[in-house]
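Q: I would like a close look at a single turn in this model, followed by an account of how the rest of the structure is arranged around it and beyond it. Please take the structure below as the starting point.

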Amino acid sequence: MQLEVRNINTFYGLSHILFDVSLDVDQGEVVVLLGRNGAGKTTTMRSIMGLTPPKSGRVIFKGKDVTGLAPFRVARLGMGFVPEDRRIFPDLTVHANLEVGHKGSGGKTNKWNYDRIYGFFPRLDELSNRRGGTLSGGEQQMLTIARTLIGDPDLILLDEPSEGLAPIVVKMLGGFIDTMKREGVTILLSEQNVKFALKHSDRAYIVDNGHIKYQGSVAELEKDEDIKKRYLAV
Amino acid sequence: MTIQLFIFMLVNGLSHGMLLFIIASGLTLVFGVLRVINFAHGSLYMIGAFLAYSLSTLLTTGTLQSFLLSLLLVPPAVALVGFVLEVLLFRRVYREEHLLQLLLTYALVLILDDVVRVIWGGDPRNVARPEIFAGSVDLFGMALPTYNVFVLLVGPVIALGMWLLLYRTRSGNLIRAAVWYPETLGALGVNVSWVMTSTFMLGCWLAGVGGVLMASLANIDLGIGMEKIIESFAVVVIGGLGSIGGALLGSLIIGVGITVLQLPFGRWALVFPYAVMALVLILRPWGLFGKPER
């Protein structure tokens, strides 16, 4: 397993958000974490990355216990986090945003150099000298993925990437996910857009009220109308 | 007031403004990244001035070598003090409310000012100007001290250096990224604590440069830290908290304003910074170059 999350309990201040959450992601897989707004998807991602460290439980990445490690150390071990609200550095150009991601996590291998990233996201190439703050929502979503990708992560945590994007951009995003998977990047995706998520994932977990309520293959979940109705309101 | 006198006062004011800019830019830079208004910044500047004094007593005072050596050594020494303060104290309060941060930096003002009193005593001191700056230049028949002209020229050099650092280097990119989203920067693999520590040290380095320049500009005593932190605070409020360009404009407004208005209004000119500050707070609370709170 590339990522093993074992019984984590996470709190925001005094409120208990995640209850004994466990999940696994194998190398090369695309696994989706589904759930309603406020179910605990983002908190799970943040706990794994170390941004909101769990009070108890373990996060094991590539065989190494990374629980409680500073996020920048987790990143340097090869984990990438793409935040839901994109967080493009508005005063930096598109290219400078990429540079921060490139050298931040080392960027030692050449798997994702600037040429490849710009080839992958041609729109960013056209915009490379523009300030990050001037990009549209879809362009920002591409940049936030590119910025993490150029640090050459083995695992990417993609938090609700389709949120607020036009259908055509969501379709493009799906293409990026498929390509990243083909390139051997492992992806843990969190989504509310069930149809989109299931189309691009291998396995799914459902989180509800901070508990994992379901896990199974995409094919199994697609058949299970009862589960879908109960937790996903579809 | 003749036009010659006005120009003379203007140049004099600009050199005071530039000194103020060097100090205030450190304050605003630290605030931009760390979100803490460091009231002890003035005390660090004062420590720089007294360190320059002590160093000059060890060397042949009044020589160019001793002046340059002090410009080379004192600011890093102040930065080192900053390093200790950041690691031991400041990084504990970044997530706390402003009141607690204010309490910490104000306590530091009291402590550092007393440290200066214990080490250097309360007597005013000054450092002889290096001989090449000791004379004066003729400006419309009036003698303007060469040293003031020198200080006036250091300001733009510092401003240009800061601009190059912030906009043309990777460290500058990291600092500008940390202003917005430190957490995201960390998740991208950047050691944000270190970005913050080095930004704080850079701010203290600037305070140290200001201190060295001040030590030969006028007498230094226990009051200079408080005087400059209040002026600097007015500067960053006018220019916009966190904006270096704003600090430059604000410093020049305050420096020139106080100096030029002293002629007709005497001591009443000291009201000027607060009047401008109040005006800016009413009309544009986020400062001339600042951005409204996000």
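In the hairpin of β1(B) and β2(B), which residue takes a positive phi, and how many residues stand between the strands?

A: The model is a predicted one, and in it the residue in question is B:Phe140, whose phi is positive, near 50°, in a hairpin that has two residues between its strands. The two arms of this hairpin are strand β1 of chain B, residues 136-139, and strand β2 of chain B, residues 142-145, which run antiparallel and are joined by four bridges. At the turn itself, B:Leu139 has B:Met142 of β2(B) as its bridge partner.

After the hairpin, the view passes to helix α6 of chain B, which covers residues 146-168. This helix has 23 residues, and the distance from its first C-alpha to its last is 32 Å, close to the 33 Å expected at 1.5 Å a residue. Its buried residues are B:Tyr147, B:Asn148, B:Val151, B:Leu152, B:Val154, B:Gly155, B:Ile158 and B:Met162. The cover over these buried residues of α6(B) includes strand β2 of the hairpin, together with α1 (3-34), α5 (131-134), α9 (192-215) and α11 (244-265) of chain B.

Chain B also meets chain A, in a contact that takes 17 residues from chain B and 24 residues from chain A. On the chain A side, the elements that give two or more residues are α2 (71-76), α3 (94-104) and α6 (137-149) of chain A, and α3(A) provides the largest share, six residues. Sorted by class, that side of chain A consists of 12 nonpolar, six polar and six charged residues.

One residue of chain A that touches chain B can be followed individually. A:Pro90 lies in the loop between β6 (79-82) and α3 of chain A, and, leaving aside residues up to four places away in sequence, A:Pro90 touches B:Trp180 as well as A:Arg131, A:Gly132 and A:Gly133. The C-alpha atoms of A:Pro90 and A:Arg131 are separated by 6.2 Å, although these two residues are 41 residues apart along the chain. A:Pro90 counts as partly exposed because it has 19 C-beta neighbours inside 10 Å, whereas 20 or more would make a residue buried.

Within chain A, the domain assignment gives domain 1 as 1-78 + 154-234 and domain 2 as 85-153. The C-alpha centres of these two domains of chain A lie 22 Å apart, and 14 residues of domain 1 are in contact with 10 residues of domain 2. On the domain 1 side of this contact, α2, β7 (155-159) and α7 (167-182) of chain A each supply at least two residues, with the largest share, three residues, coming from α7(A). The residues of that side of domain 1 divide into 10 nonpolar, two polar and two charged.

The sheets of chain A complete the picture. An open sheet of six strands, with mixed pairing, has the order β6-β7-β8-β3-β9-β10. Its edges are held by β6 and β10 (211-217) of chain A, and because each of them has a single partner strand, one side of each is left without a neighbour in the sheet. From one strand to the next, the twist of this sheet averages 15°. At the β10(A) edge, strand β9 of chain A, residues 203-208, pairs with β10(A) in the antiparallel sense over six bridges, and A:Tyr205 has A:Gln215 as its bridge partner in β10(A). Helix α10 of chain A, residues 225-232, packs on the sheet and touches β3 (30-34), β9 and β10 of chain A, its direction making about 40° with that of β9(A). Helix α6 of chain A lies across β6 and β7 of chain A and runs at about 165° to β6(A).

A further open sheet in chain A has four strands in the order β2-β1-β4-β5, paired antiparallel, with β2 (15-25) and β5 (64-65) as the edge strands, each pairing on one side only. Here strand β1 of chain A, residues 3-12, pairs with β2(A) over seven bridges in the antiparallel sense, and A:Tyr12 stands opposite A:Ser15 in β2(A). Helix α1 of chain A, residues 41-49, lies across β1, β2 and β4 (56-61) of chain A and runs at about 70° to β2(A).

How values were computed. Residues are numbered from 1 along each chain as its sequence is written. Chains are lettered from A and ligands numbered from 1 in the order in which they are written. This is a predicted model: local features need pLDDT of at least 70, side-chain atom pairs count only at pLDDT 80 or more; totals for chains, interfaces and linings use all residues. Two strands pair if DSSP finds at least two bridges between them. Two residues are in contact if their C-beta atoms, placed from the backbone, lie within 7 Å. Axes are lines fitted to C-alpha atoms, for helices over the stretch in contact, and angles run from 0 to 180 degrees between N-to-C directions. Ala, Val, Leu, Ile, Met, Phe, Trp, Tyr, Cys and Pro count as nonpolar, Asp, Glu, Lys and Arg as charged, and the others, Gly among them, as polar. A residue is buried if 20 or more other C-beta atoms lie within 10 Å of its own, exposed if 12 or fewer, and partly exposed in between; C-beta atoms are placed from the backbone. Domain bounds come from an automatic or database domain assignment. The expected span of a helix is 1.5 Å times one less than its number of residues.
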